[in-house]
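Trainee: I would like to go through the terms used for this structure and see what stands behind each of them.

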Amino acid sequence: MTMKRCLQDFGYEELNFIEEWGYPKFRADQLYHAVTQYKSYDQISNLPKTLIEKLKQYFYDRGVEIIKTLKAGDKCEKYLYKLNDGNIIEGVFMPHGYGNTLCVSTQIGCRMDCAFCASGLNGLIRNLTAGEILSQVLCVNALKGGKGEKRAITNVTLMGSGEPLDNFDNVVKFLKLVSFEKGLNISLRNISLSTCGITPKIIELADMNLPVVLSISLHAPTDSKRSGLMPINKAYNIMSVIEAAKYYFERTRRRVIFEYSLIEGRNSDQESAYELARLLKGLSCHVNLIALNYVKERGLKAPSAQQVKEFMRILKEKGISHTLRRSMGGDVQGACGQLRNDYIKEVDNY
Ligand code: SAH
């Protein structure tokens, strides 16, 4: 059984079925405009009733709907979205001086099962379609008063639940849809894609020459430490990840970001800092450090502030470009998958 799709799954050219249905081309333009504004069928007033009725038969007007909003002290907002099949995903809105970033999910759940992450606790339920990923951006853009030329969302990170490169085709289609000039027209340069390091897919992405910022979740400097945190390392080890990062840089000329969540007793001691510096020496990259967000089901903890400082001192001494990221939205369960899991548990308890 194929799932009934949402209108956001269709690119501008793909809406030409409207003409096949016997309507003039400008109706497709009007529809595309309404879809980009994230209007519901009820809110579209400029299309013939017959056309709306026909569309309703085949397609959902929207891919996601916000069912819960949590506002954090730091102006971040966390959303729970409901999909048309009843599944739940989450996302985070982060305002900055230069614009607003939305963090989107690419899968319901995740099958990577990283030892610290809440998203993989119940495995993968399904991939999101391109339109469901786009719907998250269109939905919050509309919520924040974004209009055609004046977007409310300027930056997107694919850092919510799921592994983007494990849902490759839909993610690539999403990148094309969200950057399309007649649509939201968000520059690919303002989009960050974060991966646990599926190296053949990093190469494939590099070959497509889409200038997105690539973030690689490294989290450990040696194979034994990394395999203990990230099962994917057993399939694609650190050397293959570093090779893929180099290739990505050569093809796109975009500096690669390595994500490194500091975890007590696993990757945050002095030895790890020296190993990391050795591993990355000479590479065109930047390290994003973050103190682990505590996930109770996982049990791992962040190191002390003193240890974080010492780790950064060593990276500095060795000339490795790095920043300590603020854990934004921590008070609204900013870590991937946390909010959704709690929600699902709440619902299960009834
Ligand atoms: N699957 C992609 C996107 C994941 S989310 C990836 O692996 O990169 C974005 C980042 O948050 C990743 O670097 C992920 O490893 C990290 N992360 C997940 N859970 C975390 C936690 N509890 N604390 C800190 N970082 C976490």
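Mentor: The protein chain divides into domain 1 (5-60) and domain 2 (64-348), with bounds that come from an automatic or database domain assignment. This is a predicted model: local features need pLDDT of at least 70, side-chain atom pairs count only at pLDDT 80 or more, and totals for chains, interfaces and linings use all residues. Residues are numbered from 1 along each chain as its sequence is written, and side-chain values use heavy atoms, with hydrogens and water left out.

Trainee: What makes up the contact between domain 1 and domain 2?

Mentor: It takes 14 residues from domain 1 and 19 residues from domain 2, where contact means heavy atoms within 4.5 Å.

Trainee: How much area is buried between domain 1 and domain 2?

Mentor: About 1,300 Å², of which carbon and sulfur atoms give 57%. Buried area is the accessible area (1.4 Å probe) that two parts lose on being put together, summed over both.

Trainee: Why is the pair Glu-14 and Lys-173 called a salt bridge?

Mentor: The term requires a side-chain nitrogen of Lys or Arg within 4 Å of a carboxyl oxygen of Asp or Glu. The side chains of Glu-14 and Lys-173 meet at 3.0 Å, N to O, so the pair fits the rule. Across the interface of domain 1 and domain 2 the rule finds one salt bridge.

Trainee: What makes His-219 a polar contact of the ligand?

Mentor: An N or O atom in the side chain of His-219 is 2.6 Å from an oxygen atom of the ligand. A polar contact is a pair of N or O atoms within 3.5 Å; within protein, one must be able to donate a hydrogen and the other to accept it, and residues adjacent in sequence count only if both atoms are side-chain atoms. Therefore the His-219 pair qualifies.
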